Amino acid sequence: MKCPACESEMAVVDLPMVEIDRCGGCGGIVLDKGETEVIDSLGLAPVIEQGVARGGTTRTTAAHCYPCGQDMVALRGAGDIEYDWCAGCERLFFDRGELSELDAFVDL
Ligand SMILES: [Zn+2]
Ligand SMILES: [Zn+2]
């Protein structure tokens with residue numbers, strides 16, 4: 001899969017519960033919609049559900065979901081975690097550092 005932010009090819013990272021896609025170029029992380037266990041364990045469900053559109057982003061271009069061919073929606077959730085969400089496949093993209101407060105991703 002291509003990185004939504006920088007178009008590098010992402011690498012699959014095996015975690016105990018799930019596989020995630022991580023970009024070696026920019027450090028971004030993609031969680032697929034089906035990866036609900038990791039979403040649950042990270043407490044991301046309320047983040048996702050309560051996301052509100054965020055004004056600015058550190059990127060100059062929107063994250064892009066290549067499988068769907070559409071731009072992702074920039075959102076901000078609980079705890080000020082910023083992420084991008086694809087309305088087509090409900091994939092989530094986190095820029096490097098956006099998940100750093102969550103222990104599971106610190107040592108990736
Ligand atoms: Zn990238
Ligand atoms: Zn998509």
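Two strands count as paired if DSSP finds at least two bridges between them. In this predicted model, Asp84 stands opposite Phe93 in strand 9. Strand 8 and strand 9 run antiparallel and are joined by 2 bridges. That meets the cut-off of at least two, so the two strands pair.

The protein chain has 108 residues, of which 31% count as buried. Its secondary structure comprises 2 helices and 9 strands. Along the sequence these elements follow the pattern β-β-β-α-α-β-β-β-β-β-β. Contacts between residues at least 6 apart in sequence were also examined. Of these, 40% join residues at least 24 apart.

An open sheet is formed by 7 strands. Their order is 1-2-3-9-8-7-4, and the pairing is antiparallel. Strand 1 (10-14) and strand 4 (52-53) are the edge strands. Each of these pairs on one side only. In general, the strands of a sheet pair through backbone hydrogen bonds, in either a parallel or an antiparallel way.

Within the sheet, strand 3 covers residues 29-31 and strand 9 covers residues 92-94. These two strands run antiparallel and are joined by 3 bridges. Val30 has Phe93 of strand 9 as its bridge partner. Phe93 also stands opposite Asp84. Phe93 thus appears in both descriptions, with Val30 and with Asp84.

On from strand 9 in the sheet order come strand 8 and strand 7. Strand 7 spans residues 73-76, and strand 8 spans residues 82-85. The two pair in the antiparallel sense over 4 bridges. Among the residues involved, Arg76 has Glu82 of strand 8 as its bridge partner.

Two hairpins are described here. Strand 7 and strand 8 form a hairpin with 5 residues between them. In its turn, Gly79 has a positive phi of about 70°. Strand 8 and strand 9 also form a hairpin, with 6 residues between them. In that turn, Glu90 has a positive phi of about 60°. Strand 8 therefore belongs to both hairpins.

The helices are helix 1 (36-41) and helix 2 (45-49). Gly43 lies in the loop between them. Gly43 has 12 other C-beta atoms within 10 Å. A residue with 12 or fewer is exposed, so Gly43 counts as exposed. Gly43 and Ala78 are 35 residues apart along the chain. Their C-alpha atoms are separated by 9.8 Å.

Technical notes. Residues numbered from 1 in each chain as written. Chains lettered and ligands numbered in written order. Predicted model: local features only at pLDDT ≥ 70, side-chain atom pairs only at ≥ 80, totals over all residues. Buried ≥ 20, exposed ≤ 12 C-beta atoms within 10 Å, placed from the backbone. Contact = placed C-beta atoms within 7 Å.
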